[in-house]
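Got the viewer open? Let's take a walk through this model, one selection at a time.

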Amino acid sequence: MLLYHGSNVVVSEPKLIRQNRFLDFGFGFYTTTNQKQAMVFADKVYKRRKEGGRIVNLYEIDEKKAFEECSVLRFDTLDEAWLDFVSRNRLGNYQGDSYDFVYGPVANDDVYTTLTLCFPVH
């Protein structure tokens with residue numbers, strides 16, 4: 001599986017750090033299977049930070065191996081469980097289980113159906 005991460009810098013070795021905002025899948029390192037979405041995000045980060053460049057980092061993982069060996073929370077549809085999980089994370093009050101990966105669509109003002117793989121901070 002190819003994964004993309006939009007940034008203003010090259011991220012050769014992703015580090016899990018606590019962020020200062022609440023995101024759909026909690027704190028973590030976010031990637032996407034959609035290169036165009038990563039390009040849009042790289043542009044936003046570059047404009048916000050005003051340094052570096054518009055960088056799309058590319059990673060490849062063995063999906064079968066990773067999903068067999070790691071704990072995964074997977075959302076295949078935009079259902080009530082997905083909405084509840086996203087809502088709790090955005091409010092900063094998710095108290096459920098921890099996962100190595102959270103996989104599924106993310107939202108903003110519109111719902112993105114692009115699959116995102118988040119490597120959460122535990």
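Start with the whole chain in cartoon view. Following the sequence, you'll pass through the pattern β-β-α-β-α-β-α-β-β, which gives three helices and six strands. Keep in mind that this is a predicted model.

Now switch on the surface. The protein chain shows about 7,900 Å² of accessible surface, and 50% of that belongs to carbon and sulfur atoms. Of its 122 residues, 38% count as buried. Take contacts between residues at least 6 apart in sequence: 71% of these join residues at least 24 apart.

**Stop one: the largest pocket**

Leave the surface on and look for the largest pocket, with a volume of about 1,100 Å³. Which residues should you select to land closest to its centre? Pick Gln19, Arg21, Leu23, Tyr30 and Phe41, the closest of the 36 residues that line this pocket.

Next, colour the elements around the pocket. Strand E1 (2-7), strand E2 (28-32), helix H1 (35-49), E5 and strand E6 (111-120) each give two or more residues to the lining. Which of them supplies the largest share? That's H1, with eight residues. If you colour the lining by class instead, you'll get 16 nonpolar, 11 polar and nine charged residues.

**Stop two: the aromatic rings**

Hide the surface and show the side chains of the aromatic residues. Searching the whole structure turns up nine aromatic pairs. Select phenylalanine 22 and phenylalanine 27 to see one: the ring centres are 6.0 Å apart and the planes sit at 45°, so this pair counts as tilted. Is phenylalanine 22 buried or partly exposed? With 46% relative accessibility, phenylalanine 22 is partly exposed.

Then jump to phenylalanine 67 and phenylalanine 101. Here the ring centres are 5.8 Å apart with the planes at 45°, so this pair is tilted too. Zoom out a little and see where the two residues come from: phenylalanine 67 lies in helix H2 (residues 63-69) and phenylalanine 101 in strand E5 (residues 101-107), so the pair ties together parts 34 residues apart in sequence. Both phenylalanine 67 and phenylalanine 101 are buried.

**Last stop: a cluster of rings**

Finish by selecting Phe25, Tyr30, Phe75, Phe85 and Tyr94, which ring pairs link into a cluster. One of these should look familiar: Tyr30 was also among the residues closest to the centre of the largest pocket. Show the pocket and the cluster together, and Tyr30 is a handy place to centre your view.

Definitions and conventions: Residues numbered from 1 in each chain as written. Predicted model: local features only at pLDDT ≥ 70, side-chain atom pairs only at ≥ 80, totals over all residues. Heavy atoms only, no water. Phe/Tyr/Trp six-rings, centres within 6.5 Å; stacked < 30°, edge-to-face > 60°. Buried < 20%, exposed > 50% of the residue type's maximum accessible area, 1.4 Å probe, protein only. Helix = DSSP H or I, 4+ residues; strand = E, 2+ residues; numbered from the N terminus. Contact = heavy atoms within 4.5 Å. Areas by Shrake-Rupley, 256 points an atom, 1.4 Å probe, with all protein chains shown as cover. 1 Å grid on protein atoms, 1.4 Å probe; cavity = no way out; pocket = protein on both sides within 12 Å on 5 of 7 lines; lining within 4 Å. Points joined across faces, edges and corners; volume = space filled by probe spheres on them. Nonpolar A, V, L, I, M, F, W, Y, C, P; charged D, E, K, R; others polar.
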